Amino acid sequence: MPARWNGWTTASTAANPSHDLRHHQLVRGSGCEVWDIAGHCHLDGVAGAANTPFGHAHPRISDAVATHLRQLTHVDETLAAQQPAEELVDTLAALTGLHDVVFVNSGSEAIEAAIRIAMDYWRHRGQPQRDTIVAFARGYHGCTALAAGLSDLPILRTEWAPAPRMRHVELTPHHRPDEPGAAAALAGEFAAAITAAGPQRVAAVIVEPFLNVGGGIVLPDGFLTELRTVADSFDTLMIVDEVFTGFGRSGYAAFAVNAMPSPPDILAISKGMTNGVVPMGATCLRHSIRNQFGDAVLRYGHTTSGHGLACVAALATIDLLRTEGLSQAAATADWFATDFPQCLRTSGIVELRTYGVVGVLECDSVERALAIAAAARQDRESSLIIGCKQNALMLTPALNTTPQQLRTMAAHLKRAVENTSLYA
Ligand SMILES: Cc1ncc(COP(=O)(O)O)c(C=O)c1O
């Protein structure tokens, strides 16, 4: 029988066999509710793949996309301009403070472009020896060969894939982001790694504001700002990967980097960008970096880069973010910070953590986490779809999930934890 071969996705790094998923065929959705082919309603606690900040089938986004679809199919971005792409560049520049934008189709591609730009930037400056990237060992920046090579996570290691020269920063086993001085101490680890790699060889540091696939790890407040100072002091580039945290996921702003006094040199974004309607990502960069290339061509690009449909969906998503999304994200992040730990207080959980519109339940084993996720899903009365990254369960609902829906999700999850503990 023909079969789909699932890779793991970043919503769940332990892929369900596709024959199991045939029984979970989803046919329609509205907000954070989705219905399967048998008519059962499930609560979508992961918002697609943490990429639908405004939930399923949002009418404003669907209408904008449908209108564009009737007008124009595809424009090659090197042969002609199109209004939605031009407008999106201006809109992103206003949101990020970074004035040059490269459009791509996914988070991994945004990282590929970022690393290529960083490496070539130094070559254009006459420093070809800059071949090293400094990153968290548990960072995750995508699954294409170059992006995967940035990480030291076991799920990404292969014996054959090429990788840049890397220097990894480990989190200490007692990583405590709330301790006074934690941000400066962690940035100091990066300074030590740059020193060990040889500062004149470091092309860039790259970090996520929150380690998503790496296990839902919260970093200290102010860490990005401290890292900016470190990068500046070594005259190297700072790349921030907001593929996961962007478009309101960080809770109180469109991007986590908005809290920095000055933006990073390069920013990679994707996921929530089009509310999950059309694949899209972007690499945003300082104009001074772009300038260094002069007339040299950027040696990167895909057939569908900057697709008009994706640009239209992104503009509608950003419009929603500005008009209502940021206040919804702040309210939902407040719920996570205060109510989520209360709702989930139960045995069987090692640690509860929250970051913006993200709730993490760390379990004592991968098996327990998978069993809880399956129990939440199989509850016929009230099925909840939740993500699982190794032994960490992650709730990443849409920003506009109502307080009532959030409480219902938490109640389902608590029941799944308790039922699973009984048989552990
Ligand atoms: C921080 C981060 N970077 C990069 C990626 C890769 O994005 P994509 O899966 O769209 O290639 C992800 C995906 O989850 C991510 O969380």
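The C-alpha centres of domain 1 and domain 2 sit 27 Å apart in this predicted model. In domain 1, the residues giving up the most area to domain 2 are N51, Y355 and Q390, and together they account for 26% of what that side buries. As for where the split falls, domain 1 is built from two stretches of the chain, 18-57 and 325-422, while domain 2 covers 61-319.

How much area do domain 1 and domain 2 bury between them? The figure comes out at about 2,100 Å², and 56% of that is on carbon and sulfur atoms. Counted by residues, 29 from domain 1 are in contact with 28 from domain 2. If you go looking for salt bridges across this boundary, the count between domain 1 and domain 2 is 0.

Salt bridges do turn up in the structure, which holds 13 of them. One to pull up in your viewer is R60 with D319, where the closest N and O atoms are 3.0 Å apart. R60 belongs to helix α3 (residues 59-69) and D319 to helix α10, so this pair ties together parts that are 259 residues apart in sequence.

Helix α10 is worth staying with for a moment. It runs over residues 308-343 and packs against helix α4 (residues 83-96) at an angle of about 35°, the two axes being 9 Å apart. The crossing of α4 and α10 is left-handed. On the α4 side, the contact is made by P84, A85, E87, L88, T91, L92, A94 and L95. Facing them from α10 are G308, C311, V312, A314, L315, I318 and R322. Sorted by character, the residues of this α4 and α10 contact come to 11 nonpolar, 2 polar and 2 charged.

Now for another helix pair, α7 and α8. Helix α7 (residues 182-197) and helix α8 (residues 223-233) pack at about 30°, with 8 Å between their axes. Which hand does the crossing have, left or right? Here α7 passes α8 in a right-handed crossing. From α7 come A183, A184, L186, A187, F190, A191 and I194, and they meet F223, E226, L227 and V230 in α8. That contact of α7 with α8 divides into 10 nonpolar residues, no polar ones and 1 charged.

To put the two helix pairs side by side, the α4 and α10 crossing is left-handed, whereas α7 crosses α8 in the right-handed sense. The α4 and α10 contact includes 2 polar residues, while the α7 and α8 contact has no polar residues.

Technical notes. Residues are numbered from 1 along each chain as its sequence is written. This is a predicted model: local features need pLDDT of at least 70, side-chain atom pairs count only at pLDDT 80 or more; totals for chains, interfaces and linings use all residues. Side-chain values use heavy atoms; hydrogens and water are left out. Axes are lines fitted to C-alpha atoms, for helices over the stretch in contact, and angles run from 0 to 180 degrees between N-to-C directions. Helices (H or I, at least four residues) and strands (E, at least two) are DSSP runs, numbered from the N terminus. A crossing is left-handed if the near helix is turned anticlockwise from the far one by less than a right angle, and right-handed if clockwise. Contact means heavy atoms within 4.5 Å. Ala, Val, Leu, Ile, Met, Phe, Trp, Tyr, Cys and Pro count as nonpolar, Asp, Glu, Lys and Arg as charged, and the others, Gly among them, as polar. Domain bounds come from an automatic or database domain assignment. Buried area is the accessible area (1.4 Å probe) that two parts lose on being put together, summed over both. A salt bridge is a side-chain nitrogen of Lys or Arg within 4 Å of a carboxyl oxygen of Asp or Glu.
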